[in-house]
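Hi,

Here is the structure I promised to pass on. Have a look at it first, and my notes on what turned up follow below.

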Amino acid sequence: FAEYSTDGGTLWQQQPLTAPAPKGLPSGVPNPATATAIAATHKGIVVAGTSGPVGDQHVIVWWTTNGYAWKTIQPKGTGLTTTPGSQAITALTASGSTLTGTGYLVTPTGETPTLWHATPGP
């Protein structure tokens with residue numbers, strides 16, 4: 001979840017960070033998600049995390065411009081494929097209009113580091 005305040009920090013509200021339903025299951029099926037990295041950008045806040053069952057977790061990214069309306073994507077690219085195994089972005093930074101994340105991809109044959117670049121927000 002994330003928390004936001006509209007009154008300068010006196011009262012706080014929780015906002016759940018949700019993940020899409022796992023492939024092959026109907027929408028509305030709970031999908032475990034965990035935040036693993038966060039960064040402030042010129043367009044708002046970006047949170048990287050993982051979703052899915054242990055052994056088949058994939059990177060998911062949430063972003064917001066106001067703290068209470070969050071958008072969700074499952075990014076693609078080198079090291080973030082849908083191959084068997086788990087992946088994670090464990091460090092995230094923003095510079096100008098570029099996000100850079102580092103993490104790993106774990107497959108049945110081993111672990112590989114990942115470097116991911118993207119443009120934050122819509």
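**What I found**

Of the contacts in the protein chain between residues at least 6 apart in sequence, 33% join residues at least 24 apart. Bear in mind as you read that this is a predicted model.

**Overall make-up**

The chain has nine strands and zero helices, so reading from the N terminus you just get β-β-β-β-β-β-β-β-β. Of its 122 residues, 34% are buried. The exposed surface comes to about 7100 Å², with carbon and sulfur atoms supplying 58% of that.

**The open sheet**

Four of the strands make an open sheet, in the order S3-S4-S5-S6, with antiparallel pairing. S3 and S6 (71-73) sit at the edges, each pairing on one side only. On average, neighbouring strands here are turned by 25 degrees against each other, ignoring direction. As a general reminder, strands of a sheet pair through backbone hydrogen bonds.

If you want to zoom in on one pair, try S3 and S4: eight bridges join these antiparallel strands. Within that pairing, Ile 38 stands opposite Val 47 in S4.

**The hairpin**

Further along, S8 (residues 98-107) and S9 (residues 110-118) are antiparallel and joined by nine bridges. The two form a hairpin, with two residues between them. One bridge to look for is Val 106, whose partner in S9 is Glu 111.

**The cores**

Which residues build the largest nonpolar core? There are twelve: Ala 37, Ala 39, Val 46, Ala 48, Val 59, Val 61, Trp 63, Leu 80, Ile 89, Leu 92, Leu 99 and Trp 116. Strands S3 (33-41), S4 (44-51), S5 (58-64) and S7 (86-95) each give two or more residues to this core. The largest share, three residues, comes from S5. Apart from this core lies another one of seven residues, including Ala 2, Ile 60, Trp 62 and Trp 70.

Leu 80 is a good place to start clicking around. What is Leu 80 in contact with, leaving aside its neighbours within four places in sequence? The list is Val 59, Pro 75, Gln 87, Ile 89, Thr 114 and Trp 116. Of these partners, Val 59, Ile 89 and Trp 116 are also members of the twelve-residue core, as is Leu 80 itself.

One general point for when you look at the strands: in a regular strand, the side chains alternate between the two faces of the sheet.

Cheers

Technical notes
Residues numbered from 1 in each chain as written. Predicted model: local features only at pLDDT ≥ 70, side-chain atom pairs only at ≥ 80, totals over all residues. Heavy atoms only, no water. Core = buried A, V, L, I, M, F, W, Y, C linked by side-chain atoms within 4.5 Å. Buried < 20%, exposed > 50% of the residue type's maximum accessible area, 1.4 Å probe, protein only. Contact = heavy atoms within 4.5 Å. Pairing = 2+ DSSP bridges. Axes fitted to C-alpha atoms, helices over the stretch in contact; angles between N-to-C directions. Areas by Shrake-Rupley, 256 points an atom, 1.4 Å probe, with all protein chains shown as cover.
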